[in-house]
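The following exercises concern a single protein chain. Each task is followed by a solution in steps.

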Amino acid sequence: DYWRYTPYGLRTLFTEAGFRIERLEARGGFFAFLGQAVTRFIIDAFHVYEYPLWNFLWFIPLKLWGVCMMKFDVFWDSHASKKHALGWLCIVRKPI
């Protein structure tokens with residue numbers, strides 16, 4: 001996994017390249033990450049996409065799991081949760 005940067009790494013890369021950071025924020029917190037990780041594990045472990053019946057049987061539970069984790073992320077909005085984000089939104093500007 002070569003392209004999963006931390007906010008510190010993004011800040012360093014952009015500032016050293018001469019960009020000014022306008023906005024840097026977490027996209028999804030710990031529970032969104034946990035929801036995604038568990039979902040991917042189940043899909044890979046049970047080969048969900050390879051078998052139409054598995055795909056049909058797992059669709060609703062995985063969808064509910066993901067929605068619950070995203071909702072829990074909203075309620076548990078903390079610094080600790082944001083440290084384990086799914087990804088980062090980074091808006092930068094190159095000074096002229």
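The exercises below treat a helix, a nonpolar core, aromatic rings and individual residues.

The model is predicted: local features need pLDDT of at least 70, side-chain atom pairs count only at pLDDT 80 or more, and totals for chains, interfaces and linings use all residues. Residues are numbered from 1 along each chain as its sequence is written, and side-chain values use heavy atoms, with hydrogens and water left out.

**Exercise 1. Helix α3**

Task: Compare the expected span of helix α3 with the distance between its end C-alpha atoms, and locate its bend.

Solution.
1. Helices are DSSP runs of H or I with at least four residues, numbered from the N terminus. Helix α3 covers residues 52–75, which is 24 residues.
2. The expected span is 1.5 Å times one less than the number of residues. For α3 this gives 34 Å, and the end C-alpha atoms are 35 Å apart, so the two values agree.
3. A bend is the angle between axes fitted to the seven residues ending at a position and the seven starting there. In α3 the bend is about 40° at W58, and the proline P61 follows within four residues.

**Exercise 2. Burial and the core**

Task: Identify the buried residues of α3 and the members of the largest nonpolar core.

Solution.
1. Buried means under 20% relative accessible area, exposed over 50%, and partly exposed in between, with a 1.4 Å probe and protein chains only. In α3, W58, L62, M69 and D73 are buried.
2. Their cover includes α2 (30–45) and α4 (79–82), where contact means heavy atoms within 4.5 Å.
3. A nonpolar core joins buried Ala, Val, Leu, Ile, Met, Phe, Trp, Tyr and Cys residues through side-chain atoms within 4.5 Å. The largest one has five residues: I42, I43, V48, W58 and L62. Two or more of its residues come from each of α2 and α3.
4. Beyond four places in sequence, V48 touches I42, I43, W54, N55 and W58.

**Exercise 3. Aromatic rings**

Task: Classify the pair formed by F31 and F72, and state which cluster contains these rings.

Solution.
1. Rings of Phe, Tyr and Trp (its six-membered ring) pair if their centres lie within 6.5 Å; planes under 30 degrees apart are stacked, over 60 edge-to-face, and the rest tilted. The structure holds eight aromatic pairs.
2. For F31 and F72 the centres are 4.5 Å apart and the planes meet at 90°, hence an edge-to-face pair. F31 lies in helix α2 and F72 in helix α3, 41 residues apart, which links distant parts of the chain.
3. F31 is buried because its relative accessible area is 14%; F72 is partly exposed because its value is 35%.
4. F30, F31, F72 and W76 form one aromatic cluster.

**Exercise 4. Individual residues**

Task: Describe the setting of S81, W65 and H47.

Solution.
1. S81 belongs to helix α4 and is buried, since its relative accessible area is 5%. Apart from neighbours within four places in sequence, S81 contacts G29, F30, F31, D73 and W76.
2. W65 lies in helix α3 and is partly exposed at 29% relative accessibility. Not counting residues up to four places away in sequence, W65 touches L34, G35, V38 and T39. The C-alpha atoms of W65 and Q36 are separated by 9.2 Å, and these residues are 29 apart along the chain.
3. H47 is in the loop between α2 and α3 and is partly exposed at 37%. H47 is not a glycine, yet has a positive phi of about 50°. Most residues other than glycine have a negative phi.
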